[in-house]
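Let's take a friendly walk through a protein model. Have a look at the sequence and the 3D view first, and then we'll go through some of the details together.

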Amino acid sequence: VDALAGQSGLARIRISSIEPTTVPTALFERMSDAAHPLVPFLHLPLQSGSDAVLRQMKRRYSIRDYADEVEHACRVVPDLCVGTDVMVGFPGETREDFEGTRSLLADLPVSYFHVFPFSVRKGTPAERMGGQVPPGVKQERGATLRSLSQHKQRIFQERFLGDTRTVLCEAPKPDGRMGGFTDNYLRVELEHASPELHNQLVPVRLSRVQGAMLVGQAEEI
């Protein structure tokens, strides 16, 4: 990360999905440094909020390990966005296991999550496991978590209403609209944006939430 930070013209470094509990605290220091291009964002796959299911998956962390990691990161990195992946319906997942996942995600300072139903792959140990979860149950559990994710994403978005955040502007859409992402992974659509802002870092005042994104107005650079 430091080697990348030394490259001329590189304004942002974003780490994509990374194994939980393997993130060195030195990365948090760099995310907290406004002069460092490492942005305040982490995507830490959880997979399940049940220790029993995590053991079945052969994951090398417990739910307490995961929670400690996320809570510590959010304490020390201002405005940090934490995303995660979660799987529903892994063989043997009980109603209590699923409720543990839902409860953990509701309580942790996680901003959004991607939800995946377990699907069998031939030749894998999971194919031979007992306790296969019916498709309808997986669908119901997935819908519950997606609804929770939308709720938590909205809360995270609303924290920044009225603030000015820097947005990296993407190419204009055919209808002239332009959007981009803040450093902490808020999706923003700009009102009345000039095409010349494409690929520029632009201060944007965030005014309202519209669906899965924020809407804002570019300020003079």
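## The outside

What does the accessible surface of the protein come to, and what share of it belongs to carbon and sulfur atoms? The answer is about 11800 Å², with 51% of that belonging to carbon and sulfur. Keep in mind as you read on that this is a predicted model.

The C-alpha trace spans about 60 × 40 × 30 Å along its principal axes. As for charges, there are 26 positive and 28 negative ones, and the mean positions of these two sets lie 6 Å apart.

## The overall plan

If you count up the secondary structure, you get six helices and eight strands. Going along the sequence, they come in the pattern α-α-β-α-α-β-α-β-α-β-β-β-β-β.

Of the 221 residues in the protein, 41% are buried. Now take the contacts between residues at least 6 apart in sequence: 67% of these join residues at least 24 apart.

## A look at helix α6

Helix α6 covers residues 135-158, which makes 24 residues. From its first C-alpha to its last it reaches 35 Å, close to the 34 Å expected at 1.5 Å a residue.

Which parts of α6 are tucked away? Its buried residues include G142, L145, L148 and F156, and K138, R141 and K152 are also among them. The buried residues of this helix pack against two kinds of neighbour: the helix α5 (95-107), and the strands β2 (81-88), β3 (112-117), β7 (201-210) and β8 (213-218).

## Strands around β8

Strand β8 pairs with β6 (residues 187-191) in the parallel sense, over four bridges. Here L190 stands opposite G216 of β8.

With β7, on the other hand, β8 pairs in the antiparallel sense, over six bridges. In this pairing, V209 has L214 in β8 as its bridge partner.

## The turn at G211

What links β7 to β8? The two strands form a hairpin with two residues between them, and G211 is found in that loop. G211 takes a positive phi near 65°.

Is G211 buried or exposed? It counts as exposed, because its relative accessibility is 60% and the cut-off for exposed is over 50%. One last distance to try in the viewer: G211 and E189 are 22 residues apart along the chain, and their C-alpha atoms are separated by 11 Å.

Methods:
Residues are numbered from 1 along each chain as its sequence is written. This is a predicted model: local features need pLDDT of at least 70, side-chain atom pairs count only at pLDDT 80 or more; totals for chains, interfaces and linings use all residues. Side-chain values use heavy atoms; hydrogens and water are left out. Buried means under 20% relative accessible area, exposed over 50%, partly exposed in between (1.4 Å probe, protein chains only). Contact means heavy atoms within 4.5 Å. Accessible areas come from the Shrake-Rupley method with a 1.4 Å probe; for residues, only the protein chains shown count as cover. Lys and Arg count as positive and Asp and Glu as negative; His and the chain ends are not counted. The place of a charge is taken as NZ of Lys, CZ of Arg, CG of Asp or CD of Glu. The expected span of a helix is 1.5 Å times one less than its number of residues. Two strands pair if DSSP finds at least two bridges between them.
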